[in-house]
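Colleague: Hey, got a minute to walk me through this one? I'd like to go helix by helix.
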Amino acid sequence: RRCLDICRRATEICEFASQKRTPEIVRMAHVTEAIDEMFSSPYINAIRNASLHEQIFLKAILAEFRRAGVEEASVQQVYHQHIALCRIEGLQSPTVSEIMAICSRLGACRLLLVESSNKYLHMRVRLNISQDDVMYALKEE
């Protein structure tokens, strides 16, 4: 479905450009422009502009979802993944309070849906955008 949306948008871009000149064929430049347009949502921009530990937290969520096979996890489960990713990257692991602040910031910009709980580490988190969009935003340019 996404591929068809990209093709449709590339055709629209080509048609708009050809209104000024003679009709032309949809080219790779039109497809590239459509892809860039489609993947420059506010959420993707928010992920790309997030802090390093916020990005690692999102990677940790993806890793936990893959490990557990479900698209919901507790903050504690994500925290363990986050610590493992920090070790791999050779980074200082954040404290529990720093993780809670990261989780709150990601929830505030609606990248995460955070289920409240009186025990912070047992709060459940889910992504508010697709895993594919998170992976796309986090991939190295």
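**Helix packing and a few single residues**

Modeller: Let's start with a helix pair: His53, Glu54, Phe57 and Leu58 in H4 meet Ile99, Ile102, Cys103, Arg105 and Leu106 in H6. Contact here means heavy atoms within 4.5 Å. Helices (H or I, at least four residues) and strands (E, at least two) are DSSP runs, numbered from the N terminus. Keep in mind that this is a predicted model: local features need pLDDT of at least 70, side-chain atom pairs count only at pLDDT 80 or more, and totals for chains, interfaces and linings use all residues. Residues are numbered from 1 along each chain as its sequence is written, and side-chain values use heavy atoms, with hydrogens and water left out.

Colleague: How do the residues of the contact of H4 with H6 divide into nonpolar, polar and charged?

Modeller: There are 6 nonpolar, 1 polar and 2 charged. Ala, Val, Leu, Ile, Met, Phe, Trp, Tyr, Cys and Pro count as nonpolar, Asp, Glu, Lys and Arg as charged, and the others, Gly among them, as polar.

Colleague: And at what angle do the axes of H4 and H6 cross?

Modeller: Roughly 80°, with the axes of H4 (residues 52–68) and H6 (residues 96–108) coming within 10 Å. That makes H4 roughly perpendicular to H6; the label covers 65 to 115 degrees. The axes are lines fitted to C-alpha atoms, for helices over the stretch in contact, and angles run from 0 to 180 degrees between N-to-C directions.

Colleague: What about H5 and H6, at what angle do they pack?

Modeller: About 110°, with the axes of H5 (residues 75–89) and H6 11 Å apart. So H5 is roughly perpendicular to H6. Val75, Tyr79 and His82 of H5 make the contact with Val96, Ile99, Met100 and Cys103 of H6. By class, that contact has 6 nonpolar, 1 polar and no charged residues.

Colleague: Which residues of H6 are buried?

Modeller: Ile99, Met100, Ile102, Cys103, Leu106 and Gly107. Buried means under 20% relative accessible area, exposed over 50%, and partly exposed in between (1.4 Å probe, protein chains only). Down the axis of H6, the buried residues fall within an arc of 160°, so they line one face of the helix. The arc is taken from the directions from the helix axis to the C-beta atoms.

Colleague: What do the buried residues of H6 pack against?

Modeller: They pack against H4, H5, S2 and strand S3 (124–127). The face of H6 turned away from its buried side carries the exposed residues Ser97 and Ala108.

Colleague: What follows H6?

Modeller: Arg110, in the loop between H6 and strand S2 (112–115). Arg110 has a positive phi of about 65° although it is not a glycine. It's partly exposed, with a relative accessible area of 44%.

Colleague: New topic: is Ser74 buried or exposed?

Modeller: Buried, with a relative accessible area of 7%. Ser74 is in strand S1 (residues 73–74) and touches Leu121, His122, Met123 and Arg124, not counting residues up to four places away in sequence.

Colleague: Last one: which residues are buried in H1?

Modeller: Ile6, Ala10, Ile13, Cys14, Ala17 and Ser18. Seen down the axis of H1, they fall within an arc of 125°, so they line one face of the helix. Those buried residues pack against helix H2 (28–38).

Definitions and conventions:
Parallel < 35°, antiparallel > 145°, perpendicular 65-115°, else oblique.
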